[in-house]
Amino acid sequence: MVFTIQRQGISKWLEKLLETSAVIAPVRGPSGDVVFSTIRSPAQVLWDFGNPLHPPKQFVLPQTDPIVAIKRNGQRHEVEPIHDDAPRILFNVRSCDAKGITFLTRMHAMEPADASYLRRSNNITVVSLACNSPCPQGFCVCTDSGPFLSSGYDVQLTDLGENYLVEVGSEKGEAAISGVADLFRTATEGELAQRKDLEITARRHFGKETCHFASAMRRISTGRVRDALWDKMSDWCLECGACTLACPTCYCFSVKDLARDGGWIRCRLWDSCQHAAFTLEASGHNPREQRKERMKRRFFHKASAQYYMRDGMVGCVGCGRCVKVCLGTTNMPAVVGAIRKGKWHE
Amino acid sequence: MSPVPTTCPFCACGCGFYLLASKGQLIGVAPSESHPVSRGRLCARGWSAHEAALWGDRLKQPLLQRDSKLGPASWIEALDHVVGRIRELIDTGKPVGILGSPRATNEENYLASKLARAGFRTNNVDFCFHSLCRPLLAGFEEVSGQYSPSIHLNDIESSQTILLMEGDLAKTHPRAASCVIRALERGAHLITIGYTRTQMVRLSALHLQTAPGNEGAVLNGLVASILQLGLEDRTSAAFDCEGYDALRRGLATARMTEEMHQAAEWIGRAKQAAFLMAPTSGQGDQPRKDAAALATLAAITGHLDKPGSGLLPLLARSNARGACDMGVAPDRLPGYEPWDDWRCRHRLQELWGRKLPSAFGLDAESLLQSVSGLIILADDPPSVLAMGQRALAAMGKIEFLVVLDAFVTPTVKISHVALPIASFAETDGTLTSMEGRVQRLGATTDPPGEARPGWQVLAELCTRFQVDGSYGSASDVRREIAQAAPRYAGTEQPESGDGWGGTWVEDSDQRNFRLSAMRVAALTSAERPHVLAREGAYDWGRDPLVSYSPSLSRDYQSQRKLFPDGFVEICKQDGDRLGLRTGWQARLSSVHGDAVVPIRVRTDLEPGVVLVPYAFRDHVANVLGTHSIAAVKVEQA
């Protein structure tokens, strides 16, 4: 179903959403950055913005995520799951990030399903905003995750000027617009055509550069990346882990108990496969002691045929965050390019 | 959930990010693209900055020792006891002192300095890390009249030449290493000086190999090469200054190599060059001389006059510069002014309403060994000082030991009174980065239990010692700092205006050059052909912000578990020659004494070098004596 909402109508819609859910949207942060934050009023929501550097992944998979409460009871311990099923609306999320959340949910729903994750994500409605003018670092066309989405959203908005086109992609999406049906009217043929044109124009922004994932994937999946290349690239990585922490599709974690009120809260913490101690074993042995081994592992997970078959997409949504947060220079486009060419800084 | 902007509490690069909290509890960190230093790029430590305050063993209420056991007490009880005992010690003529901290804010350090000088009337005030960064600052100051850096971190990115005195920059200051990497991507030349093949060395265009303690000889060679090739900048203020001829004469016999000439070309011809210096090791005064030699190199090539060019001392801890600037040093007053500078003394006497003490003060190591009463602010001397665990023994003998800390450290456990203060995530305050940027911390959550902001506790102590401590907020303390140290004028409201704010310490452009040639003494002998050197100048593994962080502590903890007796590292050739393999025991002997330690064989070391990680320095304390380096004989044990 495709509807249209007038620009002035958006505030009323948001007010309605705020009655029942927490609404999280990009806002201007205290130091000028665009950040995702819970809003108090519709006026806070930004409509023309660069995508926040910290992805909305934090709302489906927080950096510190309490999952189990452990209490002492005499000689025994009682274990109780902690669920966070508060209704939330992620509003004005960019296409790449909406796709990232789809990726994470698909992964966590695989057997054995992650109940803690799913309880939270099932109560999150994603309202994405299509990118009429893509961001300079983005390469979402290469990963089929933008600038416009054809699936994976609950609601997709497109800025048509006076109006927004409202594409509803799920039951959660229907619920999100149901309370204020009078604000929405069915979109006209002209408006649908306009959306199509906008998408074509947006895609043209990416120029003639073609997607390199395919050739990189062939090389990675068949072990045709020279060890010397990994060796060389790994010296340009400073092991900050930012490429994984800021990645909308990365979900690796560690577990740690937090002592509170005589008991413990078992938490899931973001972790990074790029940290030396990530695969450190209790014996002291580390199967991926060298940084190049860890890099190799990361890109195998991101762009090998094996994982592509499992996840239905590469482990990248082309948001370009790793380009911005990388302390070194080993971000996704740079490494994929190097693998394709077989050369690094030459 | 609203992100709170704050400054990174780890190293002295001065990065900024947002702390995220939910339901009054820290949950994460978000990068900021608009932060002028970090520009959205954080290292592993920055990304985990919220962890220690959340997971750490926090000091939540005042503790007081009764019948040799530490037990809970009220704030009034604890403070009364501190004031009573310190006053008693002062009245009976016993020495007392205060240790500030590079982990504490400017406000806390300033009040520590004020409490010591105006309250206790003593110059017995210092901070443990000072002994490691002092030689760097002193060397720079000796040559150029300024200890402050003449370059900003991000200037490195646009440099054509970078000279790095390597101390494993990628690990100690990842954000600075990031700037170097960006510069390399743009085609800059990286010259490294060091004795291990670190990541930065592997990336360098030219590596000048040296032995520990011999860095000065390489620097001499570089200065001599500049002079011989006529690459000195004749328009520079340093040209023809005092000592220029003496320098020329003194270096007439310096050993030069082809590589040094190449490096000299790159340095001399660069429009913009960065000179980064990690603390070096050496006996006696050598580290200071090394710093002076590097400053000389920068001075004669004119790079101290050019915008975007200059020296950057690599200080390990976030507020080391701030602690110096607040006068947390026995011989320096706020503003890092010499303690006998009459103008500064006069200014402080007016401001504090007290006559300043005129007796010499003691440095951190001596304080631990000789005072009867000591207040330690947010630090754990055994984990910071080069003397290691010997500090713990020394502290055990102190008659009255008071510790203010957010975390339970080994020092807290042996204190007579422990006062809980807020961690960096819970207090207002400022930090001064190594490049001189004064930036604010953002209080994101409430301090746990009864903990109070450190500046409040110190202000209360000031009041109790009849010194003005009537501050309504941390801003009031900042206002006073600006009066006490005029170069901090303008930093009172570092958040003013839009964006991240942050203000610069007013560094004077006035540089008074004084050059001299230095000599490097040979260390090894036929009898003791190896050089044992301490590697690094800081042990992050024992810093509470790392040791209490689940993500960051793993590496350090596993090393300590695997090597409970520590280890020293030698290269493969030496290992083969001496019949030593990883895990085997070796006996090291020097003129000071000997020790038996496990060996770890490395492939990226030079023959003749034996390294002991800073974390394991205690295991070879007998061999090193009081130095960071010693000639040793290595044999199978």
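**Figure 1. Pro381(B) is a buried residue in this predicted model.** Pro381(B) has 26 C-beta neighbours inside 10 Å, so it counts as buried. The cut-off for that label is 20 or more. Pro381(B) is part of helix α16 of chain B, residues 381-384. Look next at what it touches. Leaving aside residues up to four places away in sequence, Pro381(B) is in contact with Cys128(B), Leu368(B), Ala391(B), Met395(B) and Thr411(B). For a longer view, find Ser144(B). Pro381(B) and Ser144(B) are 237 residues apart in sequence. In space, their C-alpha atoms are 32 Å apart.

**Figure 2. Strand β2 of chain B pairs with β1(B) and with β3(B).** Strand β2(B) covers residues 16-22. It is mostly covered, with five of its seven residues buried. Strand β1(B), residues 4-7, pairs with β2(B) over four bridges. That pairing is antiparallel. The link between β2(B) and β3(B) is antiparallel too, and six bridges make it. Follow Leu19(B) through the view. Leu19(B) of β2(B) is the bridge partner of Val4(B). Leu19(B) also has a bridge partner in β3(B), namely Val29(B). Now find the turn. Strands β2(B) and β3(B) form a hairpin, with two residues between them. Lys23(B) sits in this turn and has a positive phi of about 50 degrees.

**Figure 3. Helix α9 of chain B is mostly covered.** The helix runs over residues 215-228. Does its length match or miss what is expected of 14 residues at 1.5 Å a residue? The expected span is 20 Å and the end C-alpha atoms are 20 Å apart, so the two agree. Of the 14 residues in α9(B), 12 are buried. Among them are Glu215(B), Val218(B), Leu219(B), Asn220(B), Leu222(B) and Ile226(B). Gly216(B) and Gly221(B) are also buried. What covers the buried residues of α9(B)? The cover includes three strands of chain B: β8 (161-165), β9 (189-194) and β10 (206-209). It also includes two helices of chain B, α11 (258-269) and α12 (286-300). Just after α9(B) comes Gly230(B), with a positive phi of about 65 degrees.

**Figure 4. Domain 2 and domain 3 of chain B are in contact.** The domain assignment of chain B gives domain 1 (4-55), domain 2 (63-129 + 319-498), domain 3 (142-313) and domain 4 (530-636). Domain 2 is written as two segments of the chain. The centres of domain 2 and domain 3 of chain B, taken over C-alpha atoms, are 35 Å apart. Their contact takes four residues from domain 2 and seven residues from domain 3. On the domain 2 side, two of the residues are nonpolar, one is polar and one is charged.

**Figure 5. Chain B meets chain A.** Here 37 residues of chain B are in contact with 39 residues of chain A. Several elements of chain B each supply at least two residues to its side: β3 (25-31), α1 (44-47), α7 (174-185), α8 (199-203) and α22 (550-562). Which of them gives the most? Helix α22(B) does, with six residues. By class, the side of chain B that touches chain A has 20 nonpolar, 10 polar and seven charged residues.

**Figure 6. Helix α10 of chain A packs against other helices of its chain.** Helix α10(A) has 13 residues, 291-303. From its first C-alpha to its last it reaches 18 Å, close to the 18 Å expected. Its buried residues include Arg291(A), Arg294(A), Lys296(A) and Arg298(A). Met295(A), Phe299(A), Lys302(A) and Ala303(A) are buried as well. These buried residues pack against α7 (213-221), α8 (227-234) and α13 (332-341) of chain A.

**Figure 7. Each chain has both helices and strands.** Chain A has 13 helices and 12 strands. Chain B has 24 helices and 26 strands. The radius of gyration of chain B is 24 Å, close to the 26 Å given by the globule rule for 637 residues, so chain B is as compact as a globular protein of that length. For chain A, with 346 residues, a compact globule would have a radius near 20 Å; chain A has 22 Å, which agrees. Buried residues make up 45% of chain A. In chain B they make up 62%.

Technical notes:
Residues are numbered from 1 along each chain as its sequence is written. Chains are lettered from A and ligands numbered from 1 in the order in which they are written. This is a predicted model: local features need pLDDT of at least 70, side-chain atom pairs count only at pLDDT 80 or more; totals for chains, interfaces and linings use all residues. The expected span of a helix is 1.5 Å times one less than its number of residues. Ala, Val, Leu, Ile, Met, Phe, Trp, Tyr, Cys and Pro count as nonpolar, Asp, Glu, Lys and Arg as charged, and the others, Gly among them, as polar. Domain bounds come from an automatic or database domain assignment. The radius of gyration is taken over C-alpha atoms; the globule rule is 2.2 Å times the number of residues to the power 0.38. Two strands pair if DSSP finds at least two bridges between them.
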